[in-house]
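Please open the model in your viewer and keep the selection panel at hand. The stops below go from a pocket to a group of charged side chains.

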Amino acid sequence: MGYTPYSAASIGECFYAADLIKKHGETFSAWVAGWKETAMQVEELAVGFEKDGNPVAASRAYLRAWNYYRAAEFAVMPQGSQEQAELYRDSIRCFDKGREHAPYYSEKIAIPYETTTLPGYFFKASDQDGEPRATIVLNGGGDGAGEEMFFIGGGPQALNYGFNLLAFHGPGQRGALHQDPSLYFRHDWEKVLGPVLDYCQTRPDVDMARLGVYGVSLGGFLVPRAAAFEKRIKAVAVNAILPNYFKHWMDEALEQVPGIFSGMVASRLAGFSEADWNKLIDPVAKKRDDARFVFSLMDWTNHTRSMGEFFKKIQNNWDIMPLAGQISVPFLSLQSEGEGENASKAAEAFYETITCEKRHVILKAQNGADQHCALNNIEFASDVVYPWFRKVLA
């Protein structure tokens with residue numbers, strides 16, 4: 001529902017989908033079925049509007065159908081299955097149709113990356129505008145998609161503020177994985193954003209002297225990491241900072257599953273072997289669908305076969321605290337109150353360590369912006385982010 005302001009959701013349709021999910025039994029498969037049914041009905045509406053010569057209504061309906069197919073695709077288990085790939089293709093079909101008649105210009109792009117390409121989109125206010133403009137690269141997180149970043153990142157607002165936008169799927173993110181299962185996550189994200197910026201340099205409508213990057217969720221690790229090495233980035237906004245991915249998982253384990261981890265401390269967990277982790281975690285997956293879903297997601301996006309292997313993979317390299325002093329460009333930190341005490345303390349510790357021009361903004365419940373990455377008030381967060389980018393990239 002957070003995408004409603006951008007015509008990519010309808011509150012009534014979302015409640016209708018929720019009712020279908022309830023009728024189907026409130027399971028993960030019920031979620032998939034409910035959203036898929038809603039998506040199909042809304043896509044049918046879009047086709048009807050298109051046939052009636054109403055491209056504006058068709059565009060909005062296609063974007064809503066994209067969102068509902070996306071919601072269905074998100075919850076398929078196991079990740080990487082044929083069912084998930086088909087729902088992803090359905091969502092992209094609707095997204096691309098929705099872009100055709102949207103009140104802004106967009107184009108599908110393929111960003112050269114190593115021996116392959118990364119899928120993405122470039123947005124600007126008008127196809128008639130060839131002027132070099134300040135450009136913001138939107139960098140998603142651990143379970144997101146490039147298409148979704150246009151909305152999570154408040155894309156329509158950014159265009160109104162005069163920016164160009166580039167949204168992409170990096171290794172480990174949905175579009176890249178659906179394109180090539182070997183494109184899984186890597187910690188050295190400067191080697192991903194580097195090719196994205198190489199692509200930006202080929203476009204005459206991008207002013208490289210005014211290029212910012214906005215990272216959300218796991219982008220709170222990936223973007224600061226890249227900014228420590230990639231000096232073509234001129235400003236960074238993050239919602240929310242994630243300094244140490246392994247420690248984040250340990251904090252979540254101690255905070256969210258106290259019965260299993262009762263009496264343990266993070267230092268003891270850090271000494272676990274892959275087998276130790278699997279012995280502890282496997283029984284959880286057998287009992288809880290939500291845990292099995294998360295574990296399946298991590299294996300798919302990180303090319304691991306168990307959570308034990310995943311934890312050992314991220315334990316040593318996924319830490320940007322030692323790199324904080326290498327970030328020299330203006331830095332905006334957004335932190336929602338609902339991120340949790342441990343996540344907020346970790347973000348504040350990193351923020352205090354960086355020495356560049358910086359600003360820290362807490363997104364509060366009183367603003368209706370306290371959910372993860374302010375998903376319950378994207379408009380508000382965007383009205384903080386883009387005026388700040390406009391100021392520091394002037």
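On a 1 Å grid over the protein atoms alone, a pocket is an open set of points where a 1.4 Å probe fits, with protein on both sides within 12 Å along at least five of seven lines, and its lining residues have an atom within 4 Å of a point. Grid points are joined across faces, edges and corners, and a volume is the space filled by probe spheres set on the points. This is a predicted model, in which local features need pLDDT of at least 70 and side-chain atom pairs count only at pLDDT 80 or more, while totals for chains, interfaces and linings use all residues. Residues are numbered from 1 along each chain as its sequence is written, and side-chain values use heavy atoms, with hydrogens and water left out.

**First stop: a pocket**

Select Tyr6, Ser7, Ala102, Pro103 and Tyr104, which are the closest to the centre of the second largest pocket among the 14 residues that line it; about 230 Å³ of space lies in this pocket. Next, colour helix H3 (55–74) and helix H6 (155–160), each of which supplies at least two residues of the lining; helices are DSSP runs of H or I with at least four residues, strands are runs of E with at least two, and both are numbered from the N terminus. The largest share of the lining, four residues, comes from H3.

**Second stop: linked charges**

Now select Glu107, Lys124, Arg203 and Asp205, which are linked in a network of salt bridges, a salt bridge being a side-chain nitrogen of Lys or Arg within 4 Å of a carboxyl oxygen of Asp or Glu. Zoom in on Glu107 and Arg203, whose side chains meet in a salt bridge with an N to O distance of 2.9 Å. This pair links distant parts of the chain, since Glu107 lies in strand E1 (residues 105–113) and Arg203 in the loop between helix H8 (190–201) and strand E5 (206–216), 96 residues apart.

Are these two side chains buried or exposed? Glu107 counts as partly exposed at 22% relative accessibility, whereas Arg203 is buried at 11%; buried means under 20% relative accessible area, exposed over 50%, and partly exposed in between, with a 1.4 Å probe and protein chains only.

Move on to Lys124 and Asp205, which form a salt bridge of 2.8 Å, N to O. Here Lys124 belongs to strand E2 (residues 116–124) and Asp205 to the loop between H8 and E5, 81 residues apart. Lys124 is buried at 7% relative accessibility, and Asp205 is buried at 5%.
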